[in-house]
Amino acid sequence: MDAAQQEKVLKFALRLFGVVFMLVYPLAMIWPSGWQWHGGEGMYYFQMIVGIYATLGIFLILAAKNPAEHRSLIAFTIWSSVVHAVIMAAQALSDPSESGHLVGDVPALLLVAIVLRLLTPAAASDKT
């Protein structure tokens, strides 16, 4: 894939993941065991997570216009997705009532991180 095609796919991925992040709330309503912790208890926590991911989603969509200018946001999305997935996987493995996350948001977050990492070109300063 040449650089122009890679950028086009990256822009699509940023928009797609941005929309998905904005849809965390409906996803949790459709499949709570895969997207919502504690069976919906503690809604304050859930509302905070939904707000953070919706905001990140909006900024990913905006970053799709010029990904090179938003490398730090993309890097944050990659690394925060990995950290969130690892912590969530460890917690889901230790609590059988949360095991749905191992086939829900854990792989989804890792997919986001992997796709964005593979599509984001290294900065010129990273190549030296």
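**Exercise 1. How many residues has helix 5, and what distance does helix 5 reach from its first C-alpha to its last?**

Solution. The model under study is a predicted one.

Step 1. Helix 5 contains 24 residues.

Step 2. From the first C-alpha to the last, helix 5 reaches 35 Å. The expected value, at 1.5 Å a residue, is 34 Å, and the computed reach is close to it.

Step 3. The buried residues of this helix are Leu73, Ile74, Thr77, Ile78, Ser81, Ala85, Met88, Ala89 and Ala92. Their cover includes helix 1, helix 4 and helix 6.

**Exercise 2. Describe the overall make-up of the protein chain, covering its elements, extent, burial and contacts.**

Solution.

Step 1. Six helices and zero strands are present in the protein chain. Read from the N terminus, the order of elements is α-α-α-α-α-α.

Step 2. The C-alpha trace spans about 45 × 25 × 20 Å along its principal axes.

Step 3. Of the 128 residues in the protein chain, 35% are buried. The accessible surface of the protein chain amounts to about 7700 Å², and carbon and sulfur atoms account for 70% of that surface.

Step 4. Consider the contacts between residues at least 6 apart in sequence: 74% of these join residues at least 24 apart.

**Exercise 3. Why is the span of helix 6 in agreement with expectation, and against which elements do the buried residues of helix 6 pack?**

Solution.

Step 1. Helix 6 has 15 residues, which should span 21 Å at 1.5 Å a residue. The end C-alpha atoms of helix 6 are 21 Å apart, so the two values agree.

Step 2. The buried residues of helix 6 are Asp105, Val106, Leu109, Val112, Ala113, Leu116 and Leu119.

Step 3. These buried residues pack against helix 1, helix 3 (32-35), helix 4 and helix 5.

**Exercise 4. Why does Val106 count as buried, and which residues does Val106 touch?**

Solution.

Step 1. Val106 belongs to helix 6.

Step 2. The cut-off for a buried residue is under 20% relative accessible area. Val106 counts as buried because its relative accessibility is 7%.

Step 3. With residues up to four places away in sequence left out, Val106 touches Ala85, Met88, Ala89 and His101. Ala85, Met88 and Ala89 are also among the buried residues of helix 5.

Step 4. Trp35 and Val106 are separated by 71 residues in sequence, while their C-alpha atoms are 9.0 Å apart in space.

**Exercise 5. Characterise the largest pocket by its space, its lining and the elements that contribute to the lining.**

Solution.

Step 1. The largest pocket holds about 290 Å³ of space.

Step 2. Its lining consists of 18 residues, and those nearest its centre are Phe21, Val24, Trp35, Asp105 and Leu109. Two or more lining residues come from each of helix 1 (3-22), helix 4 (43-63), helix 5 (71-94) and helix 6 (105-119).

Step 3. Helix 6 supplies the largest share of the lining, with five residues.

Step 4. By residue class, the lining comprises 16 nonpolar residues, one polar residue and one charged residue. Asp105 and Leu109, which lie among the residues nearest the pocket centre, are also listed among the buried residues of helix 6.

**Exercise 6. Classify Phe12, Val20 and Ile58 as buried, partly exposed or exposed, and give a C-alpha separation for each.**

Solution.

Step 1. The class limits needed here are under 20% relative accessible area for buried and over 50% for exposed, with partly exposed in between.

Step 2. Phe12 lies in helix 1. Phe12 has 52% relative accessibility and therefore counts as exposed. Phe12 and Lys65 are 53 residues apart along the chain, and their C-alpha atoms are separated by 9.9 Å.

Step 3. Val20 is likewise found in helix 1. Its relative accessible area is 31%, so Val20 is partly exposed. Between Val20 and Pro32, 12 residues apart in sequence, the C-alpha distance is 15 Å.

Step 4. Ile58 is part of helix 4. Ile58 counts as partly exposed because its relative accessibility is 41%. Ile58 and Ile114 lie 56 residues apart in sequence and 20 Å apart in space, C-alpha to C-alpha.

Conventions. Residues are numbered from 1 along each chain as its sequence is written. This is a predicted model: local features need pLDDT of at least 70, side-chain atom pairs count only at pLDDT 80 or more; totals for chains, interfaces and linings use all residues. Side-chain values use heavy atoms; hydrogens and water are left out. On a 1 Å grid over the protein atoms alone, a cavity is a set of points where a 1.4 Å probe fits but cannot get out, and a pocket is an open set with protein on both sides within 12 Å along at least five of seven lines; lining residues have an atom within 4 Å of a point. Grid points are joined across faces, edges and corners, and a volume is the space filled by probe spheres set on the points. Helices (H or I, at least four residues) and strands (E, at least two) are DSSP runs, numbered from the N terminus. Ala, Val, Leu, Ile, Met, Phe, Trp, Tyr, Cys and Pro count as nonpolar, Asp, Glu, Lys and Arg as charged, and the others, Gly among them, as polar. The expected span of a helix is 1.5 Å times one less than its number of residues. Buried means under 20% relative accessible area, exposed over 50%, partly exposed in between (1.4 Å probe, protein chains only). Contact means heavy atoms within 4.5 Å. Accessible areas come from the Shrake-Rupley method with a 1.4 Å probe; for residues, only the protein chains shown count as cover.
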